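Thank you all for coming; I would like to use these few minutes to talk through one structure, taking its charged pairs, then its cysteines, and then a single helix.

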Amino acid sequence: MIQHSFNRRTSADEVLAGKDLTGKTMIVTGANTGIGFEAARSLAMKGAHVIMACRNTEKGEVAASVIRQRYKDAQISVGTLDLTSFDSIKAFATTLDVNKVDTLICNAGVIHNDYRETAEGFEMTVGVCHIGHFLLTSLLLPKLQAAVQKNDAARVVMVSSESHRQPAKLNFDKLPLSQGSYAFMTAYGQAKLCNVLFANELNRRYASEGITACSLHPGTMITTGIARNTVLGTIAMKLLSPFTKNPNQGAATTVYCAAYAEVGDIGGVYFSDCAPKKMTKEAENPDVAGRLWEVSEGWCGAFGVN
């Protein structure tokens with residue numbers, strides 16, 4: 001493990017100081033705002049070709065233009081990716097015009113006060129945060145494997161949360177939640193636990209082939225847009241913003257896992273403040289992770305994709 005002095009106030013730019021990412025192709029989902037934008041910007045600043053995968057392409061192009069204005073040599077492109085729709089995910093993956101993907105950063109997330117569903121009928125929070133990213137990663141495996149062939153390694157970084165600690169157990173009978181059982185914080189906790197479990201199982205299955213996966217907590221109550229759909233979340237973000245990380249600091253652990261840490265140090269590890277942190281027993285349980293993988297494959301297969 002590389003020794004460093006990063007802490008909870010370290011910014012993404014500080015993590016990547018001195019890094020040269022020329023020749024690397026990196027995808028960041030939900031990259032038009034917040035942590036995703038700062039991760040994309042800082043990676044592009046260091047020479048990576050960054051693909052901003054955004055639900056709203058217009059907002060994505062605006063965000064990309066901001067980066068290009070700051071860094072005239074930035075290699076930034078925008079792709080349409082709506083994680084609530086399997087058709088959109090398939091379209092993004094099949095039309096992706098790159099030979100390889102060195103790093104996939106699964107950053108996009110959502111939370112709503114009220115119950116909502118994806119196009120395929122899954123509860124929205126788990127549908128976007130986990131199921132959509134599971135399908136996206138599965139479809140991009142050939143691009144990740146191409147990066148391994150060229151550079152000996154590829155990475156998948158799952159942006160999770162300390163919210164993965166609740167629920168303590170993943171109840172597959174209530175995954176995802178139904179309209180009758182919906183509680184937005186329970187749904188968010190389920191989704192973030194799935195992020196950690198998915199990263200661990202992905203790493204177990206593919207690390208020997210050169211694809212390494214990890215998960216992370218970016219920080220608590222960072223001033224991003226994820227809580228924009230909940231009244232309490234919006235109020236809390238406003239009140240706590242002077243005492244929390246800003247988005248650049250929130251992106252620090254993301255870029256640490258994506259580009260700073262040695263690939264051999266991140267596999268199956270959960271990070272916070274650019275350092276390993278203990279995950280819950282449920283999150284590190286390989287039987288639960290394996291079952292989630294199989295269930296997720298079933299969900300995707302039921303709609304003709306896997």
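What follows is a walk through those topics in that order.

Please keep in mind throughout that this is a predicted model.

Let me begin with the charged side chains, for which a search of the whole structure returns 13 salt bridges. As a reminder of the background, side chains of opposite charge can pair when their charged atoms come close. The pair I would show you before the others is E282 with K169, whose side chains meet in a salt bridge with an N to O distance of 3.6 Å. E282 sits in the loop between β8 and α10, while K169 sits in the loop between β5 and α6, so this pair ties together parts that are 113 residues apart in sequence. The partners differ in their surroundings, since E282 is buried at 7% relative accessibility, whereas K169 is exposed at 60%.

A more local case is found within helix α6, where E201 and R204 lie three residues apart, about one turn of the helix. Their closest N and O atoms are 2.6 Å apart, and they form a salt bridge. Here again a buried acid, E201 at 2% relative accessibility, is paired with an exposed base, R204 at 54%.

Now, which side chain meets that of K245 in a salt bridge? The partner is D273, with 2.6 Å from N to O. D273 belongs to the loop between β7 and β8 and K245 to the loop between α7 and α8, and the pair therefore ties together parts that are 28 residues apart in sequence. In this pair the base is the buried partner, K245 having a relative accessibility of 5%, while D273 is partly exposed at 27%. Beyond such pairs, D13, E38 and R41 are joined into one network by salt bridges that share partners.

I turn next to the cysteines, and to the question of how many disulfides the structure holds. The count is zero. C214 is in no disulfide, although the sulfur of C257, the nearest cysteine sulfur, is 3.8 Å away; because the cut-off for a disulfide is 2.5 Å between the sulfur atoms, that distance does not qualify. C214 is also buried, with a relative accessible area of 0%. For C274, which is likewise in no disulfide, the nearest cysteine sulfur is again that of C257, at 7.5 Å, and C274 is buried at 1% relative accessibility.

Finally, let me spend a little time on helix α3, which runs over residues 57-70. At 1.5 Å a residue, its 14 residues should span 20 Å, and its end C-alpha atoms are 20 Å apart, which agrees. At the start of α3, a side-chain oxygen of N56 comes to within 3.1 Å of the backbone nitrogen of E58.

Which residues of α3 are buried? They are G60, A63, A64 and I67, and they cover an arc of only 100 degrees around the axis, which puts them on the same side of α3. The general background is that an α-helix has 3.6 residues a turn, so residues three or four places apart point the same way. The buried residues of α3 are covered by elements that include α2, β2 and β3, whereas on the other side of the helix E58, K59 and Q69 are exposed.

Definitions and conventions. Residues numbered from 1 in each chain as written. Predicted model: local features only at pLDDT ≥ 70, side-chain atom pairs only at ≥ 80, totals over all residues. Heavy atoms only, no water. Salt bridge = Lys/Arg side-chain N within 4 Å of Asp/Glu carboxyl O. Helix = DSSP H or I, 4+ residues; strand = E, 2+ residues; numbered from the N terminus. Buried < 20%, exposed > 50% of the residue type's maximum accessible area, 1.4 Å probe, protein only. Expected span 1.5 Å × (residues − 1). Arc of directions from axis to C-beta. Contact = heavy atoms within 4.5 Å. Polar contact = N/O pair within 3.5 Å; in protein donor to acceptor, adjacent residues only side chain to side chain.
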